[in-house]
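The following exercises ask the student to read a protein model step by step. Each task is followed by a worked solution.

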Amino acid sequence: MKQYRFNLKSTLAAMVVASGMIFTIPAIADVKSDTKSDVATQEVKGKPQTHCPVMGSPINRNNFYDYKGKRIYYCCYGCINLISKDPEKYIKQLEDQGIVLDKTPK
């Protein structure tokens, strides 16, 4: 039976290399080419809407107002009156905060 000696330096070096590979592989997988076709097909990503533009309360996904292909969610039925009077105001307010509104389903 052979006996193997434990070499601390070799083991540590192998661990460092292995840990570097673990963190490098996902980074390589995320690399995309910079061709114009790739840039054109990428969706613009932003924050989803989580709060009502009128009251600032958390939204209820069952309450929404659709306007020109965009969906504005609100917290309660009291807010629909204000949103329906000037939806562009609330769309601009949300988009200025970096929120990407859901598209209305076809």
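Two strands pair if DSSP finds at least two bridges between them. The model examined here is predicted.

**Exercise 1. Determine which strands pair, in which sense, and in what order they form the sheet.**

Solution.

Step 1. Begin with the inventory: the protein has four helices and three strands. Along the sequence these elements follow the pattern α-α-β-β-α-α-β.

Step 2. Examine the pairs. Between β1 and β2 there are five bridges, and the pairing is antiparallel. Strand β2, residues 70–74, also pairs with β3 in the antiparallel sense, over two bridges.

Step 3. Locate residues that face one another. Y67 stands opposite K70 in β2, and K70 in turn stands opposite K103 in β3. R71 has D102 of β3 opposite.

Step 4. Assemble the sheet. The order is β1-β2-β3, and the sheet is open. The edge positions belong to β1 (60–67) and β3 (102–103); each has a single partner strand, so one side of each lacks a neighbour in the sheet.

**Exercise 2. Describe the backbone of K68 and state where this residue lies.**

Solution.

Step 1. Find the position: K68 belongs to the loop between β1 and β2. In this hairpin, two residues lie between the strands.

Step 2. Consider the backbone angle. K68 is not a glycine, yet its phi is positive, at about 50°.

Step 3. Consider the surroundings. The relative accessible area of K68 is 69%, so the residue counts as exposed.

**Exercise 3. Establish how helices α3 and α4 are placed on the sheet, and which residues of α3 are buried.**

Solution.

Step 1. Place the helices. Helix α3, residues 77–85, lies across β1 and β2 and runs at about 140° to β2. Helix α4, residues 87–96, also packs on the sheet, where it touches β1 and β2; its direction makes about 85° with that of β2.

Step 2. Identify the buried residues of α3, which are C79, I80 and I83. They cover an arc of only 110° around the axis and therefore lie on the same side of α3.

Step 3. Name their partners: the buried residues of α3 pack against β1, β2 and α4.

Step 4. Turn to the sheet. Strand β2 is mostly covered, since four of its five residues are buried.

Step 5. Set this beside the whole protein, in which buried residues make up 18% of the 106 residues. The protein exposes about 8,800 Å², of which carbon and sulfur atoms supply 59%.

**Exercise 4. Decide how many disulfides the model contains, and explain why C79 is in a bond or free of one.**

Solution.

Step 1. Recall the chemistry. A disulfide is a covalent bond between the sulfur atoms of two cysteines.

Step 2. State the cut-off: the two sulfur atoms must be within 2.5 Å.

Step 3. Apply the cut-off. By this rule, the count is zero disulfides. C52 takes part in none, and the nearest cysteine sulfur, that of C79, is 3.6 Å away. For C79, the closest cysteine sulfur is that of C52, and the distance of 3.6 Å is too far for a bond.

Step 4. Add the accessibility of both residues. C52 has a relative accessible area of 4% and is buried. C79 is buried as well, with a relative accessible area of 2%.

Methods: Residues are numbered from 1 along each chain as its sequence is written. This is a predicted model: local features need pLDDT of at least 70, side-chain atom pairs count only at pLDDT 80 or more; totals for chains, interfaces and linings use all residues. Side-chain values use heavy atoms; hydrogens and water are left out. Buried means under 20% relative accessible area, exposed over 50%, partly exposed in between (1.4 Å probe, protein chains only). Contact means heavy atoms within 4.5 Å. Axes are lines fitted to C-alpha atoms, for helices over the stretch in contact, and angles run from 0 to 180 degrees between N-to-C directions. Accessible areas come from the Shrake-Rupley method with a 1.4 Å probe; for residues, only the protein chains shown count as cover. The arc is that of the directions from the helix axis to the C-beta atoms.
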